[in-house]
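Trainee: I would like to take a close look at one single part of this model, going through it slowly and with the reasoning spelled out. Could you take me through it once the structure is in front of us?

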Amino acid sequence: MKKKLKLYFLVSIFLFFSVFCIIGLTGYFLLSGSLILMDGEVSFPELGSDVEIVFDDHGVPTISGESRLDVARSLGYLHAKERLYSMEM
């Protein structure tokens with residue numbers, strides 16, 4: 001009888017941690033899709049010229065471009081992506 005209880009206890013602990021890991025990994029993969037792309041290129045047909053967005057070590061962006069309108073549109077894109085991630089969290 002004690003061996004059965006011990007076996008049930010071990011199986012239930014294993015199942016608990018398995019479900020916990022599956023839920024954690026699923027949440028990670030669902031939320032990672034809304035993160036800002038910090039490396040690479042994104043193209044927008046609305047931009048008149050190239051805009052460069054550089055992130056420092058703390059994730060703070062620096063935006064530089066030729067026109068003020070292009071920089072403002074890029075800032076709006078960054079704000080929307082950050083807000084999307086915040087809302088999903």
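Is F17 buried, partly exposed or exposed, and what is its relative accessible area?

Mentor: This is a predicted model, and within it F17 is partly exposed, with a relative accessible area of 48%, a value that falls short of the exposed class because that class begins over 50%. F16, by contrast, has a relative accessible area of 54% and is exposed, and F20, at 56% relative accessibility, counts as exposed too.

Turning to the rings, the count of aromatic pairs comes to 4. In one of them, the ring centres of F16 and F17 are 5.4 Å apart while their planes stand at 70°, so this pair is edge-to-face, given that planes over 60 degrees apart are classed that way. F16 also pairs with F20, and here the arrangement is stacked, with 6.4 Å from centre to centre and 15° between the planes; that centre distance still qualifies because the limit for a pair is 6.5 Å. Along the chain, F16 and F20 are 4 residues apart, about one turn of the helix, and both lie in helix α1. Taken together, F16, F17 and F20 form one aromatic cluster.

The three residues also belong to a wider surface feature, since F9, L10, I13, F16, F17 and F20 make up a nonpolar patch whose accessible area is about 660 Å² together. F9, another member of that patch, is likewise placed in helix α1, which covers residues 2-32.

Note on methods: Residues are numbered from 1 along each chain as its sequence is written. This is a predicted model: local features need pLDDT of at least 70, side-chain atom pairs count only at pLDDT 80 or more; totals for chains, interfaces and linings use all residues. Side-chain values use heavy atoms; hydrogens and water are left out. Patches are made of residues with over 30% relative accessible area and no salt bridge: like charges are joined within 9 Å, nonpolar side chains (Val, Leu, Ile, Met, Phe, Trp, Tyr) within 5 Å. Accessible areas come from the Shrake-Rupley method with a 1.4 Å probe; for residues, only the protein chains shown count as cover. A salt bridge is a side-chain nitrogen of Lys or Arg within 4 Å of a carboxyl oxygen of Asp or Glu. Helices (H or I, at least four residues) and strands (E, at least two) are DSSP runs, numbered from the N terminus. Rings of Phe, Tyr and Trp (its six-membered ring) pair if their centres lie within 6.5 Å; planes under 30 degrees apart count as stacked, over 60 as edge-to-face and the rest as tilted. Buried means under 20% relative accessible area, exposed over 50%, partly exposed in between (1.4 Å probe, protein chains only).
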